[in-house]
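Visitor: I have a model in front of me and plenty of questions about the words used for it. Could you take me through them?

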Amino acid sequence: MKLQLYVLRTVAIQIFAAALILMSILQILDLLDVTSDILDRGLGVAGVAYYAALRLPRLFEQVAPISVLAGGLFAFSGLARESAIVAMRASGISGYRIVGMAVPAAVAVMLLDVLCAQVLAPRADPALADWWKNTTPVAERKTPAPRTFRAGGDLVTAAQASADGRELSQITIYRRDAKGLLTEKLEAPSAQYQPGGGWMLRQPKTTRFTGEIAQTSTADSARWQNRLNPQDVQGLFGGDALPTAASARRALENGGSDRPESFYATHLQAAFANPFVALVMLLLSAPVALANFRSGQGAILLTGGLAAGLLFLVANGMLTALGESGALSPFLAVWAAPAIFGALAVRTFLALEG
């Protein structure tokens, strides 16, 4: 038990130390771009700290895979250099069990990655965007461009959305028939989300098209029933934030969407696959534990593990992009790289273990 805790503690310390260093570097580079703007707005050090805190979930999401790779390589190479691995194997502990001792550290990173990507970041991103917009000097504020998106079968254009996603302004809704011909256009100054679902259009103007005839009518209010909810609106008006598993699933179920179906299908798969990237990185670093550093094998495996990890990130990103564009099946786009590189890592480890 003590031996298992020693290995786990060594790997965990190296992984989280690597994560802290990488996050610090990214945070510094990010703050170099915005600190002067924050100070010019009179927000002071507290504003810088607030900005940095809201950026932390996305930064951890970015560095989590490479942290496991770097931490695993450093930890296993350190254990091998100090002959701890040799001592453990001499006492009858297999290489498989040694790697298994380090798995809880990778699982902890997986859980934190899921927490940041699916819970914390989707809440921090809108808060940061709203804070940044509200603190921008009036003279520098720009009117945001209208956003166009789909809500079920409706094509929608809206000028702005509230920070909580519960109100849309200057909204126009286009409805088409099965042939794609425009049948109805609704225009309203605002739309508010209703607790039971759907939206209430204020003072809507409805124009119905029948052949070459257009008939217009007005009302004080009208209910717009669809699956669009405030979280979808926040994502649609939140810049380039990636969809969570919940928002991607809603988009595929006729919720709010502004990209192809393949994009959301890929990110729905990625929400389940991305946490396992940490485990693949641990497997890629594991062969170093069985290396003989006296013969130079350790340096080769150390370099090879680092190169394999970086190549894996590149390949995974390329395949994901192909899945988003619809050129590749979302399942293959997301799971192919982890499966291939994980299998290669296991094959290398088996060859070394004999």
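**Helices, bends and burial**

Guide: Gladly, and let us begin with helix α4, residues 95-134: its 40 residues reach 56 Å from first C-alpha to last, close to the 58 Å expected at 1.5 Å a residue. Please keep in mind that this is a predicted model.

Visitor: What makes you speak of a bend in α4, and where is it?

Guide: The angle between the axes fitted to the seven residues ending at a position and the seven starting there gives the bend. At leucine 120 in α4 that angle is about 50°, and proline 122 follows within four residues.

Visitor: How do you know that the length of α1 agrees with what a helix should span?

Guide: The expected span is 1.5 Å times one less than the number of residues. For the 39 residues of α1 that gives 57 Å, and the end C-alpha atoms are 54 Å apart, so the two agree. There is a bend in α1 as well, of about 45° at valine 34. After the helix comes glycine 42, with a positive phi near 75°.

Visitor: Why is leucine 32 called exposed?

Guide: Exposed means over 50% relative accessible area. Leucine 32 has 63%, so it is exposed. This residue belongs to helix α1, residues 2-40. Its C-alpha atom is separated by 17 Å from that of arginine 58, 26 residues apart along the chain.

Visitor: What about α10: how do you know that its span agrees with the expected one?

Guide: Helix α10 covers residues 330-353, and its 24 residues should span 34 Å at 1.5 Å a residue; the end C-alpha atoms are 35 Å apart, so this agrees. α10 also has a kink of about 40° at alanine 336, shortly before proline 338.

Visitor: Which residues of α10 are called buried?

Guide: The buried residues of α10 are Ala333, Val334, Ala337, Pro338, Phe341, Gly342, Ala345, Phe349 and Glu353. Buried means under 20% relative accessible area.

Visitor: Why does histidine 267 count as buried?

Guide: The cut-off for buried is under 20%, and histidine 267 has 9% relative accessibility, so it counts as buried. Histidine 267 sits in helix α7, residues 261-273.

Visitor: What makes the pairing of histidine 267 with glutamate 324 a polar contact?

Guide: A polar contact needs N or O atoms within 3.5 Å, one able to donate a hydrogen and the other to accept it. The side chains of histidine 267 and glutamate 324 are joined by such a contact, of 2.6 Å.

**Between buried and exposed**

Visitor: Why is alanine 87 called partly exposed?

Guide: Partly exposed lies between the 20% and 50% cut-offs. Alanine 87 has 45% relative accessibility, and therefore counts as partly exposed. This alanine 87 lies in helix α3, and its C-alpha atom is 21 Å from that of alanine 299, 212 residues apart in sequence.

Visitor: And why is phenylalanine 276 partly exposed?

Guide: Its relative accessibility is 38%, so phenylalanine 276 counts as partly exposed. Phenylalanine 276 is in helix α8, residues 276-285. From its C-alpha to that of glycine 298, 22 residues apart along the chain, the separation is 26 Å.

Visitor: Why is arginine 175 called partly exposed?

Guide: With a relative accessible area of 25%, arginine 175 is partly exposed, because that category runs from 20% to 50%. Strand β3 holds arginine 175. Glycine 47 is 128 residues apart from arginine 175 in sequence and 44 Å apart in space, C-alpha to C-alpha.

**Positive phi**

Visitor: What is the phi of glutamine 170?

Guide: Phi is near 50°, a positive value in a residue other than glycine. Glutamine 170 lies in strand β3, residues 167-176, and at 52% relative accessibility it counts as exposed.

Visitor: Where is glutamine 203 placed?

Guide: Glutamine 203 is in the loop between β5 (199-202) and β6 (205-210). Its phi, near 45°, is positive too, in a residue other than glycine. With a relative accessible area of 57%, glutamine 203 is exposed.

**A pocket**

Visitor: Which residues lie nearest the centre of the second largest pocket?

Guide: They are Ala80, Val86, Ala291, Asn292 and Phe293, among 13 lining residues. The elements giving two or more residues to this lining are α2 (44-81) and α3 (84-90), and the largest share, three residues, comes from α3. By class, the lining has eight nonpolar, two polar and three charged residues. The volume of the second largest pocket is about 220 Å³.

Notes:
Residues numbered from 1 in each chain as written. Predicted model: local features only at pLDDT ≥ 70, side-chain atom pairs only at ≥ 80, totals over all residues. Heavy atoms only, no water. Buried < 20%, exposed > 50% of the residue type's maximum accessible area, 1.4 Å probe, protein only. 1 Å grid on protein atoms, 1.4 Å probe; cavity = no way out; pocket = protein on both sides within 12 Å on 5 of 7 lines; lining within 4 Å. Points joined across faces, edges and corners; volume = space filled by probe spheres on them. Nonpolar A, V, L, I, M, F, W, Y, C, P; charged D, E, K, R; others polar.
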